[in-house]
Amino acid sequence: MDEPSVLISEQDLQKRVGELAAQISQDYADADELCLVGVLKGSFIFLADLSRRLTIPRRVDFIALSSYEDKSTSSGAVRLIMDVRTPLTGKHVLVVEDIVDSGYTLEYLLRNLKVRQPASLKTCSLLQKPDRLKVTLQIDYLGFKIPDVWVVGYGLDYADTFRTLPYIGSITPPDQQS
């Protein structure tokens, strides 16, 4: 597979992560603690950079969901693979996602977390593909809106490759090449 073409540079990513961290820190300045729930695997680099730049008390936890199963299109069926370890009742919770594509995964996750009665529940996504959205969702903190292309890097992957690129790149997966 060819090297990805740069869609969002490392410099633009770091600038936007800093802006998001500043806004989140301001919005939660009066909170005792913010619980960041990173959606694995894709959000891990974004979550690490974001959490280091926050100026407020925070805790980091992770949840793992699956809807792709090593394919290039979502099946729409979401499975919970690993749950958070932190009790969320009465906590301010910010779900940190790498990308909102169809929205099925985030919709499922928000329904799952709401029943745990957090004090507040908001969302932060590095990327969103508006043209692919199938459900109505509010993304409280959004990094970038992108076109409907397959993206890799900065935690995002294709079949578990390209995750560690320092930028967001676009590729054409082998199963979509003509």
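**Exercise 1. Does Thr105 count as buried or exposed, and at what relative accessibility?**

Before solving this, note that the structure is a predicted model, in which local features need pLDDT of at least 70, side-chain atom pairs count only at pLDDT 80 or more, and totals for chains, interfaces and linings use all residues. Residues are numbered from 1 along each chain as its sequence is written, and side-chain values use heavy atoms, with hydrogens and water left out.

*Solution.* Begin with the cut-offs: buried means under 20% relative accessible area, exposed over 50%, and partly exposed in between, with a 1.4 Å probe and protein chains only. Thr105 has 16% relative accessibility and therefore counts as buried. Next, locate the residue: Thr105 lies in helix H3, residues 104-114, where helices (H or I, at least four residues) and strands (E, at least two) are DSSP runs numbered from the N terminus. Finally, list its contacts (heavy atoms within 4.5 Å): beyond neighbours within four places in sequence, Thr105 meets Leu65, Ser67, Val78 and Glu97.

**Exercise 2. Describe the largest nonpolar core and find which element gives the most to it.**

*Solution.* A nonpolar core is a set of buried Ala, Val, Leu, Ile, Met, Phe, Trp, Tyr and Cys residues joined through side-chain atoms within 4.5 Å. The largest one here has 29 residues, and Ile24, Phe46, Leu50, Leu127 and Ile168 have the most contacts inside it. Among the elements that each supply at least two of its residues are helix H1 (10-27), helix H2 (44-53) and strand S6 (120-128). The element that gives the most is H1, with 5 residues. To see one member in detail, take Ile24, which touches Leu34, Leu50, Leu54, Ile56, Leu94, Cys124 and Tyr141, when residues up to four places away in sequence are not counted. A second, separate core of 19 residues includes Ile63, Leu65, Val84 and Val93.

**Exercise 3. Work out the strand order of the open sheet of 3 strands, and name its edge strands.**

*Solution.* Two strands pair if DSSP finds at least two bridges between them. Following the pairing gives the order S1-S9-S8, and the pairing is antiparallel. The edge strands, each pairing on one side only, are S1 (5-8) and S8 (150-152). Looking at one pair, S8 and S9 (residues 168-171) are joined in the antiparallel sense over 3 bridges, and Val151 stands opposite Ser170 in S9.
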